[in-house]
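Trainee: I'd like to learn how to read a protein model. Could you walk me through this one, feature by feature?

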Amino acid sequence: MKNSLPLLLLPLAFTQCTWMHPQRETSTTKPKPADAVMEERRAGREKERSAYADGSADGRADAGKGAADDYSKHRGRFNNHTEQAYRDGYREGYAKGRAGGHDSALTAAQQATRDAGYAAGLRDRRRNRGADADSHAGTYDAKLSSWFLDGYQEGFEGR
């Protein structure tokens, strides 16, 4: 009977060995906190705005030189995420450069979209809703989302 005790403890010892029971893979990605998501969106909007301004300047310069209306020759100035904003800025800048027009801070459409975002943010804050600009998707032109989201954030924060 004395010799059987180690044999009884052996299965117990094996249940404690981790090499016999590999750990299940668990997802190491944790959901981002809301502040991190908002900061990421803000950074994305800044990149889009910067690409738009670069495109506008390049478009005006090309129009002033009499170059062809082709934003793609400036490929190093944008990436897949900022191409739409750059192209929109380039086309507007090129048109203004040809017409000799002058710049305003925001176009009428950009300002109207920003104002709509501000009103939506203010309304959500007054109704004690969480900051969720995505719930208003489809109420504004997707090309102008950067301006809507900026206005929404300002309205929600009461700035």
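Mentor: Let's start with one residue: Asn-128 lies in the loop between H4 and H5. Helices (H or I, at least four residues) and strands (E, at least two) are DSSP runs, numbered from the N terminus. Keep in mind that this is a predicted model: local features need pLDDT of at least 70, side-chain atom pairs count only at pLDDT 80 or more, and totals for chains, interfaces and linings use all residues. Residues are numbered from 1 along each chain as its sequence is written, and side-chain values use heavy atoms, with hydrogens and water left out.

Trainee: What is the phi of Asn-128?

Mentor: Asn-128 has a positive phi of about 60°, although it is not a glycine. Two glycines also have a positive phi: Gly-66, just after H2, at about 80°, and Gly-158, just after H5, at about 75°.

Trainee: Is Asn-128 buried or exposed?

Mentor: Here's the rule: buried means under 20% relative accessible area, exposed over 50%, and partly exposed in between (1.4 Å probe, protein chains only). Asn-128 has 71% relative accessibility, so it counts as exposed. Now take His-136, which is also placed in the loop between H4 and H5. His-136 is buried, because its relative accessible area is 11%.

Trainee: Which residues does His-136 touch?

Mentor: Contact means heavy atoms within 4.5 Å. Not counting residues up to four places away in sequence, His-136 touches Ala-120, Asp-124, Phe-148 and Tyr-152.

Trainee: On to helices. How far apart are the end C-alpha atoms of H5?

Mentor: The expected span of a helix is 1.5 Å times one less than its number of residues. Helix H5 (residues 145-157) has 13 residues, so it should span 18 Å, and its end C-alpha atoms are 18 Å apart, which agrees. Try H2 as well: its 32 residues should span 46 Å, and its end C-alpha atoms are 47 Å apart, which agrees too.

Trainee: How many residues of H5 are buried?

Mentor: Eleven of the 13 are buried, leaving H5 mostly covered. Among them are Ser-145, Trp-147, Phe-148, Leu-149 and Gly-155. The buried residues of H5 pack against helix H2 (34-65) and helix H4 (108-126). On the H2 side, the buried residues include Met-38, Arg-45, Ala-51, Tyr-52 and Asp-62.

Trainee: And Gly-44: where does it lie?

Mentor: Gly-44 lies in helix H2. Its relative accessibility is 28%, so Gly-44 counts as partly exposed. The C-alpha atoms of Gly-44 and His-81 are separated by 8.6 Å, with their positions 37 residues apart along the chain.

Trainee: How many aromatic pairs does the structure hold?

Mentor: A pair of aromatic rings is described by the distance of the centres and the angle of the planes. Rings of Phe, Tyr and Trp (its six-membered ring) pair if their centres lie within 6.5 Å; planes under 30 degrees apart count as stacked, over 60 as edge-to-face and the rest as tilted. The structure holds eight such pairs. In one of them, the rings of Tyr-52 and Trp-147 have centres 5.5 Å apart and planes at 80°, so the pair is edge-to-face. Tyr-52 lies in helix H2 and Trp-147 in helix H5, so the pair ties together parts that are 95 residues apart in sequence. Tyr-52 is buried at 13% relative accessible area, and Trp-147 is buried at 10%.

Trainee: How are the rings of Tyr-152 and Phe-156 arranged?

Mentor: Their centres are 6.1 Å apart and their planes at 10°, so the pair is stacked. Tyr-152 and Phe-156 are four residues apart in helix H5, so about one helical turn separates them. Both Tyr-152 and Phe-156 are buried.

Trainee: Which residues form one aromatic cluster?

Mentor: Tyr-71, Phe-78, Tyr-86, Tyr-90 and Tyr-94 do.

Trainee: One more residue, please: what does Gln-110 touch?

Mentor: Gln-110 is found in helix H4, and at 4% relative accessibility it counts as buried. Not counting residues up to four places away in sequence, Gln-110 touches Tyr-52, Leu-144 and Trp-147.
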